[in-house]
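Work through the exercises below with the sequence and the model open. Each task is followed by a solution in steps.

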Amino acid sequence: MKILVTAKRVEDPESKIKVKPDGTGIVQEGLKYKINPFDEIAVEEGLRLVAKHGGEVVVVSIGGKEVHEQLRHALAMGAHKAVWVNHTGPLDQMGVAGLLQKVVEKEKPDLVILGKQSIDDDQNQVGQYLAEWLGWGQATFASKAESFDSENEKNKVPALVVGADNKTVRVVREVDGGLATVECQLPAVVTTDLRLNQPRYASLPGIMKAKSKPIEELIPAGLGVDVTPKLTVTKMSAPPARKAGIKVPDVATLVEKLKTEAKVI
Amino acid sequence: MDFELPESHRILQASIREFCEKKVKPFAREWDAKEQFPHEVVRELGQLGVMGILVKEEYGGAGMDALAVAVAVEEIARYDGSLALTVASHNGLGTSHIRVFGNEEQRRKYLPKLATGEWLGAWGLTEPGSGSDAAGMKTTAVKKGDVWVLNGTKMFITQGTVGHVFVILALTDPPKRQKGITAFIVERGQKGFTQRPIHGKLGMRSSDTAELILENVEVPDSARLGEVGQGFIDTLKILDRGRITIGALAVGLARGALEESIRYSKERTAFGHPIADFQALRWMMADMKTETDAARLLVHRAAYLADHGRPYTREASMAKLFASEVAMRACNKAVQIHGGYGYTREFPVERYLRDAKLCEIGEGTSEIQRSIIARETFKTA
Ligand SMILES: Cc1cc2nc3c(=O)[nH]c(=O)nc-3n(C[C@H](O)[C@H](O)[C@H](O)COP(=O)(O)OP(=O)(O)OC[C@H]3O[C@@H](n4cnc5c(N)ncnc54)[C@H](O)[C@@H]3O)c2cc1C
């Protein structure tokens, strides 16, 4: 199987995000960056599938030279080769999906796995656009039925189940209030939810091997994609500061307040 | 000049940080309280390649450099000094002596299992009666026919009880002192070899420390590590490199002390202000930051020299001396900033302070480092 996975460079959720005073963006100085956690899960799932069925994992990232660090990280986790779409400047979801579509047409994977969203803009759109434009089936919010303490998780068994004829993939999806299982024809687009797997750490030998793995460079113009954004961010603002909580004297008052004031029970 | 870590080292740092956030940070306090060696976590670090950082790929290691060891050890020490000491001593002492001075047969036999952490390495130089004066050792190895017979006691040996492979320094020609010392490999379970755990340490409590007793332990000549009479000279080279790593460990503790202090001082209020508003504390943290960064620069310089085949004895001692004293000052300030809470096990800073003290003692005390720095400086003056 050939699996294409994404690795977007995002701000490390551990770092403190501050909005610029003029609201045009966030303060980037001193920030740490990492692979979008949902994408890390996509990389992991790709590696597990390939360990089981053979094949290769190709990781793609869009951005300036700095995204090499995320590509190299995915390669250190075990991905086989990387595609770098060299683009700086604003890009909206359709721009990303359009670029990925071209990469898919070029690489011809059996399966594309992406994070359901990236933790910076939280849009949750790229996988859906991509599947639509490719005319492929899509299974979003892939999850798994078992807990992270299960034997399967320990043994890094993939949660996505590829049919014996290699023509379908079965995906457990996270939906409101439960799980839904869908079967999708291959090739397909799958987006990952948090409970799909626990991604591996990049090992030291993996880091060394990653040094000699290829990173292919592509440019949007060369791919024939017009990435002019149809959507622009006009203003960013910090969330309102949390109001101070209140102390209640006993459980009875707490229950009362939850009923009458918060109206949650 | 470039002060950025190489990309591979940044990935290594991120990977270890995530591992520690999840697998070390929530448990370090309990391991310390119970003097519990975290076998499972060490095994997992082995799977990540952290137990064979310097071991070449052909022997199953990661084939990385001294800078990588420094980065890894600093990162682990930021969460747990004891675990960092396990990683530092395993990589830097036991495994390195075999890696650097072992013959091909010894490397093939031991390195693959040491590099994955399946076996833990220990290194026995210190004795009950000799530490700083390491060449004043009493342990002897006497050649009888085909075998060497070892007798003596080694003291404060890290991985002493949990270790599988022990590098033991012994006198083979006592009158020659420094030039009469030879290294041997002793395996756990060998006849006449007993390990007695040492409990009740001030810090580094979940690192395993033991006394080793050798009573007529017989090893073949193939267990001799390096040339006869060369053991002490080789040992000094191992210590040079090990000191960079202890420096990195101290930097990790100092950094942890600072990060915890910043967090706490923003939350704790007194006189209607977060205590972080008080200049007295802000200046403490300014000093902690400045000194920690300076210490890291010394550590990375020493690693750079080692990795580029340049002399680094003095620079390694400077890094170790400065970083361990910085760690003591920073951890002491961190306890002060935490007030009464800092004096309890509720917060990690008292543990960092206890752990930091070892850095001024192990692999050569601060006094010995100053002697080395002075000796090396006068040599070229
Ligand atoms: C937790 C822990 C782990 C350890 N792990 C290992 C290990 O894995 N392997 C191993 O071989 N050893 C190990 N050691 C031993 C360590 O290296 C020694 O404790 C250290 O070198 C000091 O030796 P000592 O304890 O005999 O002190 P001494 O040498 O007796 O020193 C006592 C004091 O005298 C001072 N002093 C001694 N000589 C001089 C001098 N010439 N000039 C000025 N001052 C001097 C010292 O600086 C110190 O302040 C470990 C120790 C500890 C505590």
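**Exercise 1. The ligand shell**

Task: Determine how many residues surround the ligand in this predicted model, and which are the closest.

Solution. Step 1: the ligand is surrounded by 14 residues. The closest are Thr126(B), Ser132(B), Phe156(B), Thr365(B) and Glu367(B).

Step 2: sort the shell by class. It has six nonpolar, five polar and three charged residues.

Step 3: assign the shell to secondary structure. Strand β3 of chain B, residues 147–158, gives the most to the shell, with three residues.

**Exercise 2. Polar contacts of the ligand**

Task: Find the distances from ligand atoms to polar atoms of Ser132(B), Phe156(B) and Thr365(B).

Solution. Step 1: take the side chains. An N or O atom in the side chain of Ser132(B) is 2.6 Å from an oxygen atom of the ligand. For Thr365(B), an N or O atom of the side chain is 2.7 Å from an oxygen atom of the ligand.

Step 2: take the backbone. A polar backbone atom of Phe156(B) is 2.7 Å from a nitrogen atom of the ligand.

Step 3: compare these distances with the cut-off. A polar contact requires N or O atoms within 3.5 Å, and the pairs at Ser132(B), Phe156(B) and Thr365(B) meet it.

Step 4: consider the cover. On its own the ligand has 970 Å² of accessible area, and the protein covers 63% of that.

**Exercise 3. Backbone exceptions**

Task: Examine phi at Phe156(B) and Glu35(B), and the peptide bond from Leu186(A) to Pro187(A).

Solution. Step 1: recall the background. Most residues other than glycine have a negative phi, and most peptide bonds are trans.

Step 2: Phe156(B) is not a glycine, yet has a positive phi of about 60 degrees. Phe156(B) sits in strand β3 of chain B. Its relative accessibility is 53%, so Phe156(B) counts as exposed.

Step 3: Glu35(B) also has a positive phi, near 50 degrees. Glu35(B) lies in the loop between α2 and α3 (39–47) of chain B. Because its relative accessibility is 22%, Glu35(B) counts as partly exposed.

Step 4: the bond from Leu186(A) to Pro187(A) is cis, with omega near -5 degrees. Pro187(A) belongs to the loop between β10 (178–185) and β11 (188–192) of chain A.

**Exercise 4. Two buried polar side chains**

Task: Describe the surroundings of Thr182(B) and His73(A).

Solution. Step 1: Thr182(B) is part of strand β5 (residues 181–187) of chain B. Its relative accessible area is 0%, so Thr182(B) is buried.

Step 2: list the partners of Thr182(B). Beyond four places in sequence, its contacts include Ile168(B), Leu169(B), Arg224(B), Glu227(B) and Gly229(B). With the backbone nitrogen of Gly229(B), the side chain of Thr182(B) makes an approach of 2.9 Å.

Step 3: turn to His73(A), in helix α2 (residues 68–77) of chain A. A relative accessible area of 11% is under the 20% limit, so His73(A) is buried.

Step 4: list the partners of His73(A) beyond four places in sequence. They are Ile35(A) and Ala202(A), together with Ile11(B) and Ala14(B) from chain B.

**Exercise 5. Cores and a covered helix**

Task: Identify which members of the largest nonpolar core touch the most other members, and what covers the buried residues of α10(B).

Solution. Step 1: the largest nonpolar core has 119 residues, and Leu111(A), Leu160(A) and Leu249(B) touch the most other members.

Step 2: beyond four places in sequence, Leu249(B) touches Val73(B), Ala77(B), Gly81(B), Ala84(B), Leu85(B), Met204(B) and Cys359(B). A second, separate core has 26 residues, among them Val55(B), Leu111(B), Ala135(B) and Leu239(B).

Step 3: Cys359(B) is also one of the buried residues of α10(B). This helix, residues 349–359 of chain B, has eight of its eleven residues buried. Charged residues are among them, including Glu350(B), Arg351(B), Arg354(B) and Asp355(B).

Step 4: the cover over the buried residues of α10(B) includes α2 (28–34), α5 (81–101), α7 (231–267) and α9 (313–342) of chain B.

How values were computed. Residues are numbered from 1 along each chain as its sequence is written. Chains are lettered from A and ligands numbered from 1 in the order in which they are written. This is a predicted model: local features need pLDDT of at least 70, side-chain atom pairs count only at pLDDT 80 or more; totals for chains, interfaces and linings use all residues. Side-chain values use heavy atoms; hydrogens and water are left out. A residue is near a molecule or strand if one of its heavy atoms lies within 4 Å of it. A polar contact is a pair of N or O atoms within 3.5 Å; within protein, one must be able to donate a hydrogen and the other to accept it, and residues adjacent in sequence count only if both atoms are side-chain atoms. Accessible areas come from the Shrake-Rupley method with a 1.4 Å probe; for residues, only the protein chains shown count as cover. Helices (H or I, at least four residues) and strands (E, at least two) are DSSP runs, numbered from the N terminus. A nonpolar core is a set of buried Ala, Val, Leu, Ile, Met, Phe, Trp, Tyr and Cys residues joined through side-chain atoms within 4.5 Å. Buried means under 20% relative accessible area, exposed over 50%, partly exposed in between (1.4 Å probe, protein chains only). Contact means heavy atoms within 4.5 Å.
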